[in-house]
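Q: I am new to reading structures, and I would like a close look at a single part of this one, along with its surroundings. Please take me through the details slowly and explain the terms as you go.

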Amino acid sequence: MRWEEKIPGGKLVCVEVTADGETVAKVRISGDFFLHPEEKIDEIERSVEGLPLSSGEAEIKARIEAVLEKAELVGVSAGDLARMFRKAVDG
Amino acid sequence: MNWRVLPYSENDAYTNMAIDEAICESVAAGGPPTIRFYGWKPGAVSLGYFQCIEHEVDLAACEGAGIDIVRRRTGGGAVYHDQDGEITYSVIASETAFPKGILESYREICGWIIDSLALLGMNAEFKPINDIIVGGKKISGNAQTRRNGVLLQHGTILHSVDVEKMFSLLKVPDEKIRDKMIASVKERVTCVRHHGEFIKHETYEALVTGFTKGKEHAAGQLTENEFLRANALAQERYRKKEWNWMR
């Protein structure tokens, strides 16, 4: 399940979600955005993995924002990623 | 602050990225703040840290054309670095030498490029987050990372541009609109040569002047330690499939 979007401001971001039954097995976020430090992307992806596939946008956003307390995302926001997660899952 | 300026040199893609990282390590250990100019031999595609290699690059076309592919340590987009068509720079210094805000620090270093282009008669502007435009068209893309108290910003300045070649190596989102997309990129990208009959060396000299204006600086070279460390990083990281195919 995949959703790609041009974020206002110009960054092209893609969220891919792999499900295991009703659970998020794997999330992969790619694109031309910035994140400092870069390795935190793994933590952002892991923060969503294991959640029910039906998790709402607010829950996903909160999980990502918790990681962003110690990282800075530039060109895309936690809210964008949460919305894109739902789009990827819901089609 | 006394800047070390490393004059233009050409290297393969893996070595270029490894040299930037080796300098970051030496700056973290107290080495001099450094401005470096370089080119890519052979030509190469560099990918942003978060980009998916298979989404962005036509792997077979790159292999056929002898174009290297390397993942950067910085975010941002995929760039085709033509051996003759562009000049790349890196600025590596303590984070404390720049504004704390990411956008403000881009603006400051991009200001050096804007000053350089002004020497060639161009009226360039910073376009957040990380671009420089002339007449509304992109002429320079830039990317930054910060680690261990060190800021690295690298970027390219287009001297001449061949959009067809660029998109023979980079993937287009939708093959059905390839021609339309190339036409649209041509409308949105410019280069120094579109603004005057400059040779690449003149572009380079303007960059050196613009980057060093008002700064204490001296031409330098890589230390032996940096050179050895860069060779090791090229082997251990930048040439490795695990790194380049990370996403």
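A: Along its sequence, chain A shows the pattern β-β-β-β-α-α-β-α, which adds up to three helices and five strands. Here helices (H or I, at least four residues) and strands (E, at least two) are DSSP runs, numbered from the N terminus. Before going further, please keep in mind that this is a predicted model, in which local features need pLDDT of at least 70, side-chain atom pairs count only at pLDDT 80 or more, and totals for chains, interfaces and linings use all residues. Residues are numbered from 1 along each chain as its sequence is written, while chains are lettered from A and ligands numbered from 1 in the order in which they are written.

Let's start with the overall form of chain A. Its C-alpha atoms occupy a box of roughly 35 × 25 × 20 Å along the principal axes. For 91 residues, a compact globule would have a radius of gyration near 12 Å, and the 12 Å of chain A agrees with that; the radius is taken over C-alpha atoms, and the globule rule is 2.2 Å times the number of residues to the power 0.38. Of those 91 residues, 32% count as buried. A residue is called buried if 20 or more other C-beta atoms lie within 10 Å of its own, exposed if 12 or fewer, and partly exposed in between, with C-beta atoms placed from the backbone. Ala66(A), for instance, sits in helix 2 (residues 57-67) of chain A. Ala66(A) counts as partly exposed because 13 other C-beta atoms lie within 10 Å.

Next, the meeting of the two chains. In chain A, 16 residues are in contact with 16 residues of chain B, contact being C-beta atoms, placed from the backbone, that lie within 7 Å. On the side of chain A that touches chain B, the elements giving two or more residues are strand 3 (23-31), strand 4 (34-36) and strand 5 (72-74) of chain A. By class, that side has eight nonpolar, five polar and three charged residues. In this count, Ala, Val, Leu, Ile, Met, Phe, Trp, Tyr, Cys and Pro are nonpolar, Asp, Glu, Lys and Arg are charged, and the others, Gly among them, are polar. Leaving aside neighbours within four places in sequence, Phe33(A) has contacts that include Leu73(A) in chain A, and Phe50(B) and Gly75(B) in chain B.

Now for the close look, in chain B. An open sheet of three strands there has the order 4-3-5, with mixed pairing. Strand 4 (68-71) and strand 5 (79-81) of chain B are its edge strands, each pairing on one side only. From one strand to the next, the twist averages 25 degrees. Two strands pair if DSSP finds at least two bridges between them. Strand 3 (residues 44-47) and strand 5 of chain B are joined by three bridges in the antiparallel sense, and one partnership links Val45(B) with Tyr80(B) in strand 5. Helix 1 (residues 13-28) of chain B packs on this sheet and touches strand 3 and strand 4, its direction making about 25 degrees with that of strand 4 of chain B. Such angles run from 0 to 180 degrees between N-to-C directions, with axes being lines fitted to C-alpha atoms, for helices over the stretch in contact.

Our residue to zoom in on is Val45(B), which lies in strand 3 of chain B. Why is Val45(B) classed as buried? Val45(B) is buried because 25 other C-beta atoms lie within 10 Å. Not counting residues up to four places away in sequence, Val45(B) touches several others, among them Val57(B), Cys62(B), Ile69(B), Tyr80(B) and Leu170(B). The C-alpha atom of Val45(B) is separated by 33 Å from that of Gly214(B), 169 residues apart along the chain.

Finally, the wider setting. The largest nonpolar core has 81 residues, and those with the most contacts inside it include Phe33(A), Ala18(B) and Val45(B). Helix 1 of chain B gives the largest share of this core, nine residues. A nonpolar core means a set of buried Ala, Val, Leu, Ile, Met, Phe, Trp, Tyr and Cys residues joined through C-beta atoms within 7 Å. In soluble globular proteins, nonpolar side chains tend to be buried together.

Definitions and conventions:
Contact = placed C-beta atoms within 7 Å.
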